[in-house]
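I opened my notebook beside the viewer today and jotted things down as I went. Here are my entries, in the order I looked things up.

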Amino acid sequence: MFTLRSLADRSSLHLTVLVAGRPGAMDEPVAWVHNTELPDPSPYVRERELVLTNGLWLDRVSPARFVRSVKGAKGSGIVFGLRAELPATPPDLVEACREAELPLLEISIEVPFTAVSQAVADMLADERKQALVGMVRRGDALATAISRGAGAYGVLDVLRRDYDLPLAVVDRMARSLAAVGADLGADQLHAVATGLAKRPPALEVELGDAGRAALFPVGAVGDIDAALICLRPLRRLTSAEREGLEQAARFLSLEVAKQQAVQAIEMRFASELLEMILSGGSRAAEVPGRLRAFGVDPGGPLAVCAVAFAQHETATMHGLAEAIGEFFAAEGVPVVVAGGTQDVVAVLPWRHPEQGLPPFAQRLVRGVERRFPGLRPVAGLGGIASQAAELRPALLQSREACRVLLRARAGPRVRAFSELGTHRLLLGLLDAETSRRFSAGLLGPLKDHDARRGGDLELTLRTFLDHDGQWAATATALHVHVNTLRNRLAKITELTGRDVGRTEDRVDLFLALTIDAMD
């Protein structure tokens with residue numbers, strides 16, 4: 001870094017420090033040198049430039065005014081060149097610089113200003129060379145750390161060898177992936193995740209007691225998945241420190257990409273396992289081997305849990321499967337976690353009494369809620385399968401229980417399929433396509449009628465059955481006269497061939513509506 005002190009220390013320039021300026025001014029970085037004899041150089045002097053002058057302006061303006069001009073332009077200081085006509089620096093100039101706390105250096109007659117410019121150019125070139133050498137060296141060290149599996153901690157260790165900075169790596173799920181010299185609390189982690197979620201991501205985040213922190217995005221395959229956090233504001237970082245942090249963030253992107261590739265493979269294998277369980281037949285023989293690959297014993301009792309977000313535009317979202325996997329890892333329970341658009345399914349060994357499974361699932365739901373504040377996760381449980389060959393009913397039941405919870409605005413977050421009612425137990429055992437054909441055949445005429453005429457026959461039927469067939473209560477709920485309700489129910493009977501006054505016909509209609517709501 002080129003500073004006034006480093007320039008003064010070069011003996012070949014024969015520089016003498018007359019005024020050191022304010023504390024620390026001699027050690028601040030200097031941008032360049034500017035040779036001028038203008039009485040007011042401020043329009044042409046850039047911030048942090050060092051002014052070189054022989055004082056040819058002395059007969060036109062006072063030294064105090066010239067100093068004010070340089071300081072107003074935020075120059076780094078003044079180098080006064082002696083000449084035969086002026087063999088000593090004017091005392092008025094020395095006093096003006098002292099009062100303004102602006103550094104003043106004196107250069108002898110024998111040394112031309114070009115020597116100063118050349119020295120500065122050499123120093124900046126050497127500085128840049130050293131920065132490039134450091135970047136290459138650091139890049140090699142980072143690549144070695146990544147290739148040896150050191151992960152995010154290895155990247156931070158390499159960075160800390162060059163810069164003593166408090167660092168952390170935080171992903172967009174508010175998880176701390178690594179930290180060196182920084183200890184972030186839950187609120188601070190969420191503040192980082194919020195900053196990452198912005199488009200474009202924030203450059204700084206406010207971390208409460210830790211102050212403002214610089215944020216360097218870490219991405220893979222075009223997405224921003226994490227951030228390298230330095231507990232310093234950007235303005236307090238040197239250009240070299242910024243370059244080092246940006247370089248480390250790029251290498252962290254490689255680590256994130258590697259982790260994502262591994263997770264994608266595991267997720268694909270887990271999704272294939274669910275397909276094997278559901279398809280049955282010859283593929284069912286592959287299920288035990290696939291379970292063993294995930295560390296799950298296929299010969300012992302197995303439980304299935306389906307998790308999703310109720311009352312949200314999407315039932316699942318990025319990071320849900322990872323959050324569930326981390327919960328089981330923290331519990332020391334081997335698991336297969338498969339994500340989808342409707343739910344995330346977990347298959348796990350369960351050698352405890354079945355009544356202990358709901359409380360366990362409640363802890364899972366609370367853990368997910370902490371990771372996704374503001375959302376309402378729910379979990380459906382199937383029955384306990386004594387072995388891998390009996391997983392299919394448990395999987396279907398857990399998903400059906402989850403679908404029921406998704407439609408509820410309140411109530412329990414966890415329910416077992418056995419708690420849903422006998423009709424759902426029976427529906428869960430039927431082939432899904434058969435159930436859909438039954439529902440579509442019965443309700444199709446009602447849906448067509450409502451679509452053509454803007455009617456409310458399907459709503460009327462649902463409301464009538466929800467009120468146990470009570471005419472007055474149904475009419476009140478629909479805000480219609482009882483005669484209007486009677487006419488609508490007559491039309492429903494005409495279109496479906498089912499009389500809502502007969503118990504067996506009501507059962508058919510109720511099951512058809514239930515199946516329709518499940519899809």
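**Entry 1: a hairpin.** I looked up Gly-339 and found its bridge partner in strand 13, Val-344. Strand 12 (residues 336-339) and strand 13 (residues 344-349) run antiparallel and are joined by four bridges. I then followed the chain from strand 12 to strand 13 and found a hairpin that joins them through four residues. A reminder to myself: this is a predicted model.

**Entry 2: a five-stranded sheet.** Next I asked myself in what order the strands of the open sheet come. I noted 1-5-4-3-2 for its five strands, with mixed pairing. Its edge strands are strand 1 (15-19) and strand 2 (32-35), each of which pairs on one side only. From one strand to the next, the twist averages 25°.

I went on to the pairing of strand 2 with strand 3 (residues 49-53), which is parallel and has four bridges. Here Asn-35 has Leu-52 of strand 3 as its bridge partner. I also checked which helices lie against these strands. Helix 3 (residues 91-100) packs on the sheet and touches strand 1, strand 4 and strand 5 (104-107). The direction of helix 3 makes about 60° with that of strand 1. Helix 2 (residues 63-72) lies across strand 3 and strand 4 (77-81), and I noted an angle of about 135° to strand 4.

**Entry 3: helix 6.** Does the length of this helix come out as expected, and what should its 12 residues span? At 1.5 Å a residue, helix 6 (residues 186-197) should span 16 Å, and its end C-alpha atoms are 17 Å apart, which agrees. I listed its buried residues as Gln-188, Leu-189, Val-192, Ala-193, Gly-195 and Leu-196. Looking down the axis of helix 6, I found these buried residues within an arc of 160°, so they line one face of the helix. The background I wrote in the margin: an α-helix has 3.6 residues a turn, so residues three or four places apart point the same way. On the face turned away from the buried side, helix 6 carries the exposed residues Ala-186, Asp-187 and Ala-197.

**Entry 4: cysteines.** How many disulfides does the structure hold? I found zero. For Cys-305, which is in no disulfide, the nearest cysteine sulfur is that of Cys-402, 7.9 Å away. Cys-305 is buried, with a relative accessible area of 5%. Cys-97 also counts as buried, because its relative accessibility is 0%, under the 20% cut-off.

**Entry 5: an aspartate.** Last, I looked up Asp-505, which sits in helix 17 (residues 503-518). Asp-505 counts as buried because its relative accessibility is 9%. Leaving aside neighbours within four places in sequence, I noted Arg-498 and Asp-499 as the contacts of Asp-505.

How values were computed: Residues are numbered from 1 along each chain as its sequence is written. This is a predicted model: local features need pLDDT of at least 70, side-chain atom pairs count only at pLDDT 80 or more; totals for chains, interfaces and linings use all residues. Side-chain values use heavy atoms; hydrogens and water are left out. Helices (H or I, at least four residues) and strands (E, at least two) are DSSP runs, numbered from the N terminus. The expected span of a helix is 1.5 Å times one less than its number of residues. Buried means under 20% relative accessible area, exposed over 50%, partly exposed in between (1.4 Å probe, protein chains only). The arc is that of the directions from the helix axis to the C-beta atoms. Contact means heavy atoms within 4.5 Å. A disulfide is a pair of cysteine sulfur atoms within 2.5 Å. Two strands pair if DSSP finds at least two bridges between them. Axes are lines fitted to C-alpha atoms, for helices over the stretch in contact, and angles run from 0 to 180 degrees between N-to-C directions.
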